[in-house]
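Here's a quick tour of a two-part protein and the ligand that comes with it. Have the viewer open while you read.

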Amino acid sequence: MRVLGIESSCDETGVALYDTEAGLLAHALHTQMAMHAEYGGVVPELASRDHIRRVIPLTRECLKTAGLTLADLDAIAYTQGPGLGGALLVGAAVANGLAFGLNLPVIPVHHLEGHLLSPMLADPAPTFPFVALLVSGGHTQLMAVRGVGDYETLGETLDDAAGEAFDKTAKLLGLPYPGGPELSRLAEHGDPTRFTLPRPMLRSGDFDMSFSGLKTAVLTLVRQQEAECGGALDDVTRADICRAFQEAIVEVLVSKSLAALKATGMQRLVIAGGVGANRQLRAALDRAAQRRRFAVYYPPLSLCTDNGAMIAYAGAARLALAQPAGVFSVRPRWPLA
Ligand code: KG4
Ligand code: ZN
């Protein structure tokens, strides 16, 4: 079965072709980051309009890379939600239009299920069951995953998502949008011992998290440092603050993931979502995995952030469950479990 996947929930247009026998045949992506940068965040209307411009050329590009035509497709999957309403509608309209024209099933996919299953596109891929740490710009949750569609939320952030905390903290440090990756680059040069920031809810005894207080703690630290030096932060201090922030967030994410593994008795941990690209998080999890003898799986680095490949894969997994075809709709707000 060959499934075309279309992702358009936020600021990335992603299209991919997944073959249940041969694996990922092609994937193409256009990021709108540069377009939104001058506004310091995603402008929903601009996002929708850009998805309209990109989605057909990207589909053509994928088919060309795979040496296929529309006649070779067996199903069309698209991100139904959660995400920006107008942006989602573009992918939904194209997917439903193509499916109707080609007389193929259309498979609505939950964006987070896409992220959750994206490590299946890596080699080696995890087998069920596993604990998943989903850390994106919009969501942060720990899930027990027992199979496709069998998800239990163990805990989640009570306020900001981890990626959101990275982005907001980067903004208040004056870093260019999108701040998360930039903050983590600076943190690599920072001194982990100079500042210590709080580890919110580290000992709460459950799997919930909270990151908005951490951002406020950074703000207080920045003001304190600015007052001390009587002006703007120097590059070294800024890098040290980035490092302190990253140390705190990584410790919370690792500690909660370990607790979830212990409580479920599971031996596999899957990391998904944009923050999964963070090198310090990966290194800390790898060290813990060696020490505690569990296996940790990541999506390929290029598939950590939003992409069409994870939607094509999740679509194929849903198709295998013989789910009834969806109706044309989008679900901007949609809990996974
Ligand atoms: O999964 P994703 O592409 O989009 C959502 O579904 O939200 O995740 C984007 C998030 C952003 O908040 C971005 O700052 C963060 O992932 N991110 C990172 C890194 N790369 C992306 N955060 C920390 N370190 C990184 N290397
Ligand atoms: Zn995402």
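The C-alpha centres of domain 1 and domain 2 lie 28 Å apart. The bounds are 2–117 + 303–320 for domain 1 and 128–298 for domain 2, and they come from an automatic or database domain assignment. Before going further: this is a predicted model, where local features need pLDDT of at least 70, side-chain atom pairs count only at pLDDT 80 or more, and totals for chains, interfaces and linings use all residues. Residues are numbered from 1 along each chain as its sequence is written, while chains are lettered from A and ligands numbered from 1 in the order in which they are written.

**Where the domains meet**

Eleven residues of domain 1 are in contact with 16 residues of domain 2 (contact: C-beta atoms, placed from the backbone, within 7 Å). On the domain 1 side, helix 1 (33–37) and helix 4 are the elements that give two or more residues. Helices here are DSSP runs of H or I with at least four residues, strands are E runs of at least two, and both are numbered from the N terminus. By class, that side of domain 1 has six nonpolar, five polar and no charged residues. For the classes, Ala, Val, Leu, Ile, Met, Phe, Trp, Tyr, Cys and Pro count as nonpolar, Asp, Glu, Lys and Arg as charged, and the others, Gly among them, as polar.

**Around the ligand**

What surrounds ligand 1? A shell of 19 residues, with G137, G163, G180, G274 and T305 the closest (near means a C-beta atom, placed from the backbone, within 6 Å). Helix 5 (162–172) and helix 6 (179–187) are the elements that give two or more residues to this shell, and helix 5 has the largest share, with four. The split is five nonpolar, eleven polar and three charged. Both domains take part, with at least three shell residues drawn from each.

**Annotated sites**

UniProt (unreviewed entry) has a "binding site" covering L134, V135, S136, G137, G138, D167, G180 and N278. The feature "binding site" also appears in UniProt (unreviewed entry) at H111, H115 and D306; these are spread over 196 residues of sequence, yet they cluster in space, with a largest C-alpha distance of 8.7 Å. Positions follow the numbering used here, feature names are shortened, and annotations may be inferred rather than shown by experiment.

How buried are some of these residues? The cut-offs are 20 or more other C-beta atoms (placed from the backbone) within 10 Å for buried, 12 or fewer for exposed, and partly exposed in between.

| Residue | C-beta neighbours within 10 Å | Class |
|---|---|---|
| S136 | 23 neighbours | buried |
| G138 | 16 neighbours | partly exposed |
| H115 | 30 neighbours | buried |
| D306 | 26 neighbours | buried |

S136 sits in the loop between strand 6 (130–135) and strand 7 (140–147), and G138 is in the loop between strand 6 and strand 7 too. H115, in helix 4 (residues 111–117), touches L134, S136, A272, G273 and M310, leaving out residues up to four places away in sequence. D306 is in the loop between strand 10 (295–297) and helix 10 (309–320).

**The core**

The largest nonpolar core has 100 residues, and A77, A132, I249, A312 and Y313 have the most contacts inside it. Such a core is a set of buried Ala, Val, Leu, Ile, Met, Phe, Trp, Tyr and Cys residues joined through C-beta atoms within 7 Å. Helix 8 (residues 235–264) gives the largest share, twelve residues.

How values were computed. Contact = placed C-beta atoms within 7 Å.
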